[in-house]
Amino acid sequence: METSDSRSYTYSAVSLAKSETPSWKTTSFWQAISVVLLFACVVLTVALGAVVASMSSGTQSQQSLGSNLTPCPAGLPVEPVNEDDPGLYDDLSLAEHNAVRVYMESQETLALKPWDEAGFSDSYINSIELHVPVKSEALSFLDGGGDKPERQALVTVHAGGKTPPVVEEYVVGPLPNPARHAPYSNPARRSPIPWTSRAIDAKEYALIFPIIKNATAAVHDILKESYGYTYHNCSGHCLVDIDTVPKGYRSGQRRSWVLFHPGGAGGVTYFVGFMIQITHESVDPSEWHVSRVYYNKQYFDSVEQLITGYADGSVEKDTPDPDIQDDEIMYPTFVRRGKPQPASPSRGPTLTEPGGRRYAVRGRHVQYMGWSFDWRLTTSQSMQLYDVRMNGERIAYELSSQEATSFYSGYNPGMLNNLFVDSYWDIGRSFELVRGIDCPETATFFNTLQQRSTKEPRLTRNSVCLFELNAGIPLRRHFDSDFAGGFNFYGGMADHVLVLRHINTVYNYDYVYDYIFHQNGVIEVRVGLTGYILTSQDKNSYGYPLYGGNIGNVHQHAFNYKVDLDILGTQNRFETVDIVLENITNPERPDLRHIQTRIQRNLRRTEREAALQYDFNRPKYYNFYNEEETNRFGVNRGYRVQLNGIAKTLLPRQDWAPMRGVAWQDYQLAVTRRKESEPASSSIYNQNDLYEPLVDFQTFIDDDENIVDEDLVAWVTLSTHHIPHSEDFPTTATAGTQMQFFLRPFNYYDEDPSVGSSNAVLITPGEKSGSVRVERFGTPTGPACVSEQSPFRYNGTWRGHN
C-alpha cells in the first residue's frame, strides 16, 4: 500500500484539495506522464540491448564450443571382403557368379540356354548362390587342424526343356575356377523336385501377363464404372496386380488368383472386389486360361459370363467407394498430416562414438567385446550367422533365419488363398537401408549380391547394417542404501550392444531382423513388423472396417530359426528345468502345510520328447548343456533358449492339409539331432505344394532319434496374431509388434562376463560430507567429439551389378 501511495503522489503535481480542475486536465499532469513514458522507453532500450548482447554472446560461445569439438576417431578397422581369399561363409563374388554361369552354360549335356535367350520351355539357370560346406569339414578347418573346405556354388535349373519338365539343383566347384558339377541330392527331401512346385519367375510371368491383359480389357468398362480404376492400357487411376499362393488346393495344381489394387503409394491397402483365376499347370502355355472370375462377392465361370450378367442386370453391381474417389492425398501415404509433432521441426537425438568404432570387420567376419561371428545373406533363407563365439569359445555353429509365413483368413478367394511362405518370395531380398532411420548415422553398411530369376547377379547397396547402440537401459545396476539417508555404493553399467540388421520387404510387409550381442554373453534375436496391411471386401467376422470400405483381414505371422548350439563341443544334452508345485509340511511349523515351487530337471532323450508346445500351466527353462563340463560350482555349463514372442497356432495340421508344409509352426521349440540332410526347416518349393511339401519338418521329429550327447539343433518359432486396426494406417508400426528370443548363458560362466568391462561405473561416498568417488576403470570422460557426417545418399535401385 505504501508503494502504491508513493506512486500516486509522484504522479500528481498538486494535491486534489487545492485543485480547481481535475488533475488529468492540467498541463503539469501530462508533463509528468511524458517524463514517465520517456524513462520507460530508456529502460526498455537498455534491456533490449542486454538481451541482444546476451544472445550474441551465446551464439559466439556455441560457435567457440563447436570449433573446439574435434572429429571422433575412426576406431577399429572395417575391411572389405578379400575376393582372392574369401571367408568360409562369404557369399559369392561377381566373378564367382559369372564363372559358375559360364561353366554351367558350356556343359553340352545340360543343354542350358543363357537367361536372356531362354524361353519358358527351355532349360536355364534360375539361381546361383554359395553352397555351405559340411559342418565336420568346416570345424576341422576352423579349429586349426584341417584344410580349408572347397568353395562351391549351388545352382538351380528350371529344366523346362526336359520331358517331363523338372527343377534340378547342382553343386558346382571348385571356385573360383569351376571344373565339375554334380546333382545335389538329399535323402530327406522329396525327389525329384516337382515342376509344379517351382517359384514363378519372369519367364512364366511373361506368359501370364497377356492373359491378364485380355481379361481386363474385356471388363474395362465394368472396372471403371465399379471402382473408378482400370488395368488395360491405363494412363490414370490404374490398377496393378498380385497373384496368390499356394497355387491351388491340391498337390500338382498351379492355379493363381490374380488380385487388383490401385497403383501408387499405399494402393496395396485397398483391393477392389474383382479377381480372376488363371490355370497354368499345363506344360503347354497355350492351354493356360482364365478358369474363374470373382466380382462383388459373386463367382463366374468365365469373363464372358460376368459381362453378360452385368449387361442384363442379373449381376449385383459394385460401386466406387467415396473414400477412394475423394481422397486426393490418399489416406495410406507417408505425407505428413495432422497435428505437428514436435510443434516446430527439430532434430532428434543421434548416436556418437567418442572412442571411435569399437567393433572390427574383415569381410563378413565381425569382432566385438569378446564376440566374433561370420554372416551371409542368402537368397531364400535370409540372414545366417556362423561360428558364433564369446571369448574364443564357440556358442553356436549356426544361427539363422529359416522361414517367415503369414496366413490370412477370409471369405473371398484372395484371402482364402493368401497363405504366404516368404522364402518363395526371395526372403533375402533386403533393399537399400536409409542412414539415420533404418540404421543409426554411425552404422557400417554392406552391399549384397544375389542372383535369382535374372541374367546377372543383383547388387543391392547398403542392404545390411552393423552398429553399436546404447540400449537406453542399464545392463546391470544396484543402489545400496545405508538406511540412514545416504548410500554405501552405486554400481552400474550401460547396456551397450552390437546390432546386425537387415530389413526384408515382401511386397507389402517389411520385416526388421536384428541379431543383438550383449556384453554379458546374451544373444538376442528379434524381428519387428512394419509395412502395409492387406485388406479386402470381406465379412466383418474376419476384421474391422477400414479405409475404402474394406476390412483388415486377421492373419498370423510366424518366423522360424535354426539354432545349432555347440556348448563346449558338439556333444550336448537338452533338458527342461520345470518349475513345479509342492505341498509340504512346514519344517518350522509341522502343524502347517506349505505350498511353494521347486525345480525339476527333466532330460529329454528323443526328438519326440523334445518337440514342445508351450504350456502356461507348466513353466520351464530350455537348457542345452555339456555333461562333461562344469563351472566352479560343479554345475553343468550350458546355454538356455528363452522365448519372448510366442503365439499358439490354431490351425490344425492333422485336419487341414496346407499346414503340413509349415509343420514347424506347431512347435515353439523343437530339438533334433543335427544332420546334413536336414539343413533347413522349409524350402522355396513348399509354397506351391504345402500339401506334399519338398521339406516336411515333421519328419525331422518322427524318426525320434536319440538326442543325448549328440550334436543338437534347436528350431525356434516366434509368432503373433494380427487383427488390423485403423492405427495400422498408413503402415503397421514396430512398437508392439516385435518378437524375440534369447540365448542366455546358464551356469556357463562362473560369473557375469560383463564384469570385465571398463565401461562400468562404481560410485562410493567420499571423505568429505556430500562428496563421492567415481571409479570409471580407466574409461576417459574427455571432451565431446563430432561424428563424421556422411552426406545423405539414397539410390533405391537394385537391378544389375553396377
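Leaving aside neighbours within four places in sequence, which residues is Asp564 in contact with? In this predicted model, the contacts of Asp564 are Lys135, Ala396, Tyr397, Glu398, Arg674, Asp711, Leu712 and Val713. The points below begin with the surroundings of that residue, and then turn to His365, the nonpolar cores, strand β9 and the three disulfides that the structure holds.

**Asp564 and its surroundings**

- Asp564 belongs to strand β25, which covers residues 555-565, and with a relative accessible area of 0% this aspartate is buried.
- One of the residues in contact with Asp564 is Lys135, and the side chains of Asp564 and Lys135 are joined by a polar contact of 3.0 Å.

**His365 and its surroundings**

- His365 is found in strand β13, made up of residues 365-368, and counts as buried because its relative accessibility is 15%, where the cut-off for being buried is under 20%.
- When neighbours within four places in sequence are set aside, His365 is in contact with Ala360, Ser372, Phe373 and Asp374.
- Among these residues, Asp374 also has a side chain that is joined to the side chain of His365 by a polar contact of 3.1 Å.
- Between His365 and Leu385, which are 20 residues apart along the chain, the C-alpha atoms are separated by 9.8 Å.

**The nonpolar cores**

- In soluble globular proteins, nonpolar side chains tend to be buried together.
- The largest nonpolar core of this model has 111 residues, and the members that touch the most other members are Phe274, Ile276, Trp375, Leu385 and Phe741.
- Leu385, one of those five, touches Phe373, Asp374, Trp375, Tyr397, Glu398, Leu399, Leu500, Tyr515 and Phe517, if residues up to four places away in sequence are not counted.
- There is also a second core, separate from the largest one, which has 18 residues, including Leu419, Val662, Tyr667 and Leu690.
- Asp374 appears both among the residues touched by Leu385 and among the contacts of His365, while Tyr397 and Glu398 appear both among the residues touched by Leu385 and among the contacts of Asp564.

**Strand β9 and its partners**

- Strand β9, residues 274-279, is largely enclosed by the rest of the structure, because six of its six residues are buried.
- Both faces of the strand are covered, with Phe274, Ile276 and Ile278 buried on one side and Met275, Gln277 and Thr279 buried on the other.
- Two residues of the first of these faces, Phe274 and Ile276, are also among the members of the largest nonpolar core that touch the most other members.
- Strand β8, residues 255-262, runs antiparallel to β9 and is joined to it by five bridges, and in this pairing Ser256 has Ile278 of β9 as its bridge partner.
- Strand β10, residues 289-295, also pairs with β9 in the antiparallel sense, here over six bridges, and Met275 stands opposite Tyr294 of β10.

**The three disulfides**

- A disulfide is a covalent bond between the sulfur atoms of two cysteines.
- When the bonded cysteines are counted along the chain, the disulfides follow the pattern 1-6, 2-3, 4-5.
- Cys72 and Cys785 form a disulfide in which the sulfur atoms are 2.0 Å apart, and this link is right-handed, with 85 degrees about the S-S bond.
- That pair links distant parts of the chain, 713 residues apart, with Cys72 in the loop between β1 (70-71) and β2 (78-79) and Cys785 in strand β36 (residues 785-786).
- Both ends of this link are buried, since Cys72 has a relative accessible area of 14% and Cys785 has a relative accessibility of 13%.
- Cys234 is joined to Cys238 by a disulfide with an S to S distance of 2.0 Å, which is left-handed because the torsion about its S-S bond is about -95 degrees.
- In this second link the cysteines are partly exposed, Cys234 with a relative accessible area of 23% and Cys238 at 25% relative accessibility.
- Cys439 is joined to Cys465 by a disulfide with an S to S distance of 2.1 Å, and with -85 degrees about the S-S bond this link is left-handed.
- Cys439 lies in the loop between β17 (419-421) and β18 (444-452), and Cys465 lies in strand β19 (residues 458-481), so this disulfide ties together parts that are 26 residues apart in sequence.
- Cys439 is buried, with a relative accessible area of 1%, and Cys465 counts as buried at 0% relative accessibility.

Technical notes:
Residues are numbered from 1 along each chain as its sequence is written. This is a predicted model: local features need pLDDT of at least 70, side-chain atom pairs count only at pLDDT 80 or more; totals for chains, interfaces and linings use all residues. Side-chain values use heavy atoms; hydrogens and water are left out. A disulfide is a pair of cysteine sulfur atoms within 2.5 Å. Helices (H or I, at least four residues) and strands (E, at least two) are DSSP runs, numbered from the N terminus. Buried means under 20% relative accessible area, exposed over 50%, partly exposed in between (1.4 Å probe, protein chains only). Two strands pair if DSSP finds at least two bridges between them. A nonpolar core is a set of buried Ala, Val, Leu, Ile, Met, Phe, Trp, Tyr and Cys residues joined through side-chain atoms within 4.5 Å. Contact means heavy atoms within 4.5 Å. A polar contact is a pair of N or O atoms within 3.5 Å; within protein, one must be able to donate a hydrogen and the other to accept it, and residues adjacent in sequence count only if both atoms are side-chain atoms.
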